[in-house]
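Visitor: I have a structure open on my screen and I'd like to learn how to read it. Could you take me through it feature by feature?

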Amino acid sequence: MSPKKPGDVTRRDLVKGAAGLSMAGLLPSWAMAQGARLGPATYGVASIDPSYAMAYVALKKRYFRDAGLDVAYLNAQSGPRGKQMLAAGQLDMVTTGVNDSIALSIAGKPSVLVASFDTRVAFANILVSKKVWDSGVRSVKDLKGRSIGVTQPQAATWLMATYIIDKAGLKGQVNIKPLGDFATMMGAVKSGAVDCTTATFGMLEKGQEEGWGVPLFDITNDFNWNSLFGGDVNGYGCYVLQETIDRRPEVVQALVTGIVKATNFIGTASAQEIADTVFADYLQGYSMPSVLRAIAVYKKTWSRDNRITKADFDRLVGIMEDRQFSAAELSKVPYEKSVNMSFVDAARKAT
């Protein structure tokens, strides 16, 4: 066992802290159950990308285990598939686009967002093929009559593509193609099967590094982002079924505590330290230099507190309205029903 470093929180520390907070009335009584072994749980992530580093750090550094939970990790391969697996009881928690949780609730399976990964949608970039770039395409407005790749219809990548295209005045004039996971999307741009794709920053880096892709729209540009979105919009969220909160709140707490501890590590670690932690086990489909560059950028957009505010939630709902769902449908899943930050609050008090 490696020696405890300054700032590290062990399970013993967590239980001790939780005990004091519980006696002070600051933690729900079930939060104390984290000190016991809670058994197995399955955690799904929508795809493989440096933008999911919080999940990888929590797994690699065994923060879930420290919180009392034995977690099996699964690459769900897309947001829609992840939410379907959650609904079917195959996952206890999943990280995909925040809109996937809202969509699941509207479909009749109440889902609750319990933590956030970021403050900007990591996959709202657009990566265009070098051939298309060389033909003169320089902005989203130049995509008229062309094709853009997304994971699946109604996925968060689909929503971002639809929104960006609409705002460019090209509604119905760009062919949106569902392709699968991020690797397939990159392959489609590289082969010419699509002209461009929605992309994470890691995908932008890989395309440039290998010489087949060029960024067309970059969310890290403050002017681009604020002009289009008007403020923070959470991209990736951790969500669970409401029935899981009702039946096994201690498991939800342990899962969120693991993510919070990973967020704390990422907030203080260098890009190199983060990459060294997760690269070998989770990101070998990328080069180390591209992962380092992506992490350096994500450190500017990753959440430092894992919170989803009402303002940020409502901003996302505005993007979804009349694209993914009607205003009437969205009115049935307000912030108060869709988001529960008590697990993040408890974890932060305990750590």
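Visitor: Let's start with Ser47. Which residues does Ser47 touch, leaving out those up to four places away in sequence?

Guide: A contact list tells you who sits around a side chain once the chain has folded. Keep in mind that this is a predicted model. Here, Ser47 touches Tyr52, Tyr56 and Tyr73, along with Asn75, Asp181 and Phe182. Ser47 itself is found in the loop between strand 1 and helix 2 (53-60).

Visitor: Is Ser47 buried or exposed?

Guide: For that you look at relative accessible area, and buried means under 20%. Ser47 has a value of 5%, so Ser47 counts as buried.

Visitor: Let me try another loop residue. Where is Lys61, and why is Lys61 called partly exposed?

Guide: Lys61 has its place in the loop between helix 2 and helix 3 (63-66). Partly exposed covers the range between the buried cut-off of under 20% and the exposed cut-off of over 50%. Lys61 is partly exposed because its relative accessible area is 31%.

Visitor: What does Lys61 touch?

Guide: Not counting residues up to four places away in sequence, Lys61 touches Asp66, Phe265 and Thr277. Look at Phe265: Lys61 and Phe265 are 204 residues apart along the chain, yet their C-alpha atoms are separated by 9.8 Å.

Visitor: How would I judge that sort of thing for the whole chain?

Guide: Take the contacts between residues at least 6 apart in sequence, then ask what share of them spans a long stretch. In the protein chain, 80% of those contacts join residues at least 24 apart. As for burial, buried residues make up 55% of the 351 residues. The chain exposes about 14000 Å², and carbon and sulfur atoms supply 51% of that area.

Visitor: And the secondary structure? How many helices and strands are there?

Guide: The protein chain has 18 helices and 10 strands. With strands, the thing to read is who pairs with whom, and in which sense. Take strand 3 (residues 93-97). Strand 1 (residues 40-45) pairs with strand 3 in the parallel sense, over 3 bridges, and Val45 stands opposite Thr95. Strand 10 (residues 236-241) is joined to strand 3 by 4 bridges and runs antiparallel to strand 3; there, Thr95 stands opposite Cys238.

Visitor: How many residues of strand 3 are buried?

Guide: Strand 3 is mostly covered, with 5 of its 5 residues buried.

Visitor: Does another strand make a good second example, and what does it pair with?

Guide: Try strand 8 (residues 196-199). Strand 5 and strand 8 run antiparallel and are joined by 4 bridges, whereas strand 6 (residues 147-150) pairs with strand 8 in the parallel sense over 2 bridges. Ile148 stands opposite Cys196, and Leu127 stands opposite Thr197. Now check the side chains: Cys196 and Thr198 point one way from strand 8, Thr197 and Ala199 point the other way, and all are buried.

Visitor: Why is Leu127 classed as buried?

Guide: Its relative accessible area is 0%, so Leu127 is buried. Leu127 lies in strand 5 (residues 125-129), and its contacts beyond four places in sequence include Val189, Met203, Leu204, Trp212 and Pro215. Leu127 and Phe217 are 90 residues apart in sequence, with 7.3 Å between their C-alpha atoms.

Visitor: Now for the empty spaces. How do I read a pocket?

Guide: Ask for its volume, then its lining, then the chemistry of that lining. The second largest pocket holds about 230 Å³ of space. Helix 7 (156-167), strand 9 (213-217) and helix 10 (222-229) are the elements giving two or more residues to its lining. Helix 10 supplies the largest share, 4 residues. Among the lining residues are Lys141, Ile164, Phe217 and Phe223, and the lining divides into 7 nonpolar, 3 polar and 2 charged residues.

Visitor: How many cavities of 30 Å³ or more are there?

Guide: A search of the whole structure finds 3. The largest cavity has about 110 Å³ of space and is lined by 17 residues, with Ala46, Tyr52, Gly79, Thr157 and Phe182 nearest its centre. Helix 4 (79-87), strand 3 and helix 7 each supply at least two lining residues. That lining divides into 8 nonpolar, 8 polar and 1 charged.

Technical notes
Residues are numbered from 1 along each chain as its sequence is written. This is a predicted model: local features need pLDDT of at least 70, side-chain atom pairs count only at pLDDT 80 or more; totals for chains, interfaces and linings use all residues. Side-chain values use heavy atoms; hydrogens and water are left out. Buried means under 20% relative accessible area, exposed over 50%, partly exposed in between (1.4 Å probe, protein chains only). Contact means heavy atoms within 4.5 Å. Accessible areas come from the Shrake-Rupley method with a 1.4 Å probe; for residues, only the protein chains shown count as cover. Two strands pair if DSSP finds at least two bridges between them. On a 1 Å grid over the protein atoms alone, a cavity is a set of points where a 1.4 Å probe fits but cannot get out, and a pocket is an open set with protein on both sides within 12 Å along at least five of seven lines; lining residues have an atom within 4 Å of a point. Grid points are joined across faces, edges and corners, and a volume is the space filled by probe spheres set on the points. Ala, Val, Leu, Ile, Met, Phe, Trp, Tyr, Cys and Pro count as nonpolar, Asp, Glu, Lys and Arg as charged, and the others, Gly among them, as polar.
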